[in-house]
Structures are given as structure tokens and as C-alpha cells.
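Dear colleague,

I am handing over the structure below, and my notes on its core and its interface follow.

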2 protein chains.
Amino acid sequence: MDEFQFKQVIAVRRDLEMGKGKTAVQVAHAAVSAAEEARKRFTNWWETWMREGQCKVAVRVGSEEEIFQLERKSRELRLPLALIRDRGLTQIEPGTTTCLGIGPAPSSVIDTLTGNLSLL
Amino acid sequence: MDEFQFKQVIAVRRDLEMGKGKTAVQVAHAAVSAAEEARKRFTNWWETWMREGQCKVAVRVGSEEEIFQLERKSRELRLPLALIRDRGLTQIEPGTTTCLGIGPAPSSVIDTLTGNLSLL
């Protein structure tokens with residue numbers, strides 16, 4: 001996907017074993033919230049990403065600790081992000097961290113954080 | 001989920017048998033695009049929905065025709081929406097309609113369209 005100058009990556013905990021619908025909604029929360037962060041703080045990134053067709057990639061992580069590590073690294077790079085905690089009405093405990101949305105941001109920057117992760 | 005005055009519903013084709021990651025990314029495309037429509041055209045709806053915590057519900061439909069029917073009904077009600085066609089780089093043919101995001105819009109209105117659909 002080299003034609004995408006900007007991308008958004010959503011890292012999802014696979015250890016929670018959420019179903020397909022639950023996973024999709026959590027990823028959508030992360031996508032909307034991180035995109036809104038970008039729209040407010042990095043408007044040019046957001047605009048280019050929207051124009052390019054909103055490249056999104058969902059990747060898997062194995063634990064909450066991995067999510068927090070990614071969050072710390074993303075904050076160090078000052079990237080727009082959204083950490084999603086579930087209300088826990090279905091399937092999992094309230095307050096459980098389910099996923100992290102990073103970007104939209106330059107693909108070359110995001111890849112340094114998530115390029116080694118497997119697709120969800 | 002009566003505490004949510006506004007909601008977004010994403011209708012997903014189950015007949016395509018997309019995997020968990022593919023499904024999640026398609027739903028996220030619909031969520032971001034429909035939310036952006038709402039932000040531009042129905043700013044008050046969007047703001048309230050964001051403040052309420054972005055209620056999203058993913059539901060299943062069985063065919064492309066069902067998606068198109070929902071789209072027509074949503075347009076008749078002038079609801080914000082986003083029909084998602086996949087680039088078809090993975091798993092499915094290019095241009096395949098995968099899902100439809102409707103809203104955020106008043107829950108009472110959306111429920112008249114999608115209240116009878118099963119959760120994804």
C-alpha cells in the first residue's frame with residue numbers, strides 16, 4: 001500500500017477473544033476517535049488521509065501491556081491516538097482496554113511502531 | 001441502551017464471509033465516513049453523539065440488495081450515511097459493497113430502519 005502517504009493503524013487485543021461484531025465496533029470506536037484527534041491537531045494529515053481514501057490497518061497484539069507500550073511510544077512521537085476502554089456491557093469486564101487507534105499519521109512514522117505486527 | 005439519544009448503525013454483509021480483521025476495517029470505514037457526513041450536515045446530532053460516547057451498533061444483512069434497500073430508506077429520511085465499496089485488494093472483488101453506515105442520528109429514527117436486524 002505504498003500509494004498511501006498517511007495511514008491509521010488500529011491495534012486490537014486478541015487475548016480477549018472478542019467476537020466479530022464486538023471487535024468491529026471497538027475498532028470503529030478507535031478509528032473515529034483517533035481520526036477526530038487528528039482532525040483537530042493535525043488537520044493537514046487528516047485531510048490528506050481522507051482524500052487518499054482513509055487507509056486503515058487492523059493489527060493484533062497479545063496483551064494489555066502491549067497496547068500500553070504502543071500508546072507510550074505513540075505519545076512520545078506526539079501522534080494522534082485513541083485508547084479504547086469498553087463499557088463492558090457485553091462479553092468483557094467494564095473498563096477493559098480493547099484497542100488503540102494510532103493516526104492518521106505519515107505511514108513512514110507509524111510503520112516504525114507497528115510495521116512488525118501481524119494483521120488482525 | 002436507552003441512555004443513548006443518538007446512535008450509529010453499521011449494516012454489514014455476512015454473505016461475503018469476510019474475516020474478523022477485514023470486517024473490522026470495513027466497519028471502521030463506514031463509521032468514520034458516516035460520522036463525517038453527520039459532522040458536516042447535522043452538527044448538533046454529531047456533537048451529542050460524541051458526548052454520549054459514540055454509541056455504535058453493528059448489524060448483519062444477508063445480501064447486497066438488502067444494503068441497497070437500507071440505503072434507499074435512509075436517504076428518504078435524509079439521514080447521514082456512507083456506503084462502503086471495497087478496493088478489493090484482499091479477500092473480495094474490487095468494488096464490492098461491504099457495508100453501510102447510518103448516522104449518528106436520533107435512535108428513535110434509526111430504530112425504525114434497523115431495529116429488526118440481528119447483531120453482527
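**Core and interface**

In this predicted model, the largest nonpolar core (buried Ala, Val, Leu, Ile, Met, Phe, Trp, Tyr and Cys residues joined through side-chain atoms within 4.5 Å, buried being under 20% relative accessible area with a 1.4 Å probe, protein chains only) has 45 residues, and those with the most contacts inside it are Ile10(A), Val12(A), Ile10(B) and Val12(B). Two or more residues each come from β1 (6-13), α1 (20-41), α2 (43-52) and β3 (81-85) of chain A and from β1 (6-13), α1 (20-41), α2 (43-52) and β3 (81-85) of chain B, where helices (H or I, at least four residues) and strands (E, at least two) are DSSP runs numbered from the N terminus.

Between them, chain B and chain A bury about 2,200 Å², 67% of it on carbon and sulfur atoms; this is the accessible area (1.4 Å probe) lost on putting the two parts together, summed over both. In chain B, the most area is lost to chain A by Lys20(B), Val32(B) and Lys56(B), together 26% of what that side buries. Contact (heavy atoms within 4.5 Å) links 26 residues of chain B with 26 residues of chain A. The largest share of the chain B side, 13 residues, comes from α1(B).

Residues are numbered from 1 along each chain as its sequence is written, with chains lettered from A and ligands numbered from 1 in the order written. Local features need pLDDT of at least 70 and side-chain atom pairs pLDDT 80 or more, while totals for chains, interfaces and linings use all residues, and side-chain values use heavy atoms, leaving out hydrogens and water.

Best regards

Definitions and conventions. Buried < 20%, exposed > 50% of the residue type's maximum accessible area, 1.4 Å probe, protein only.
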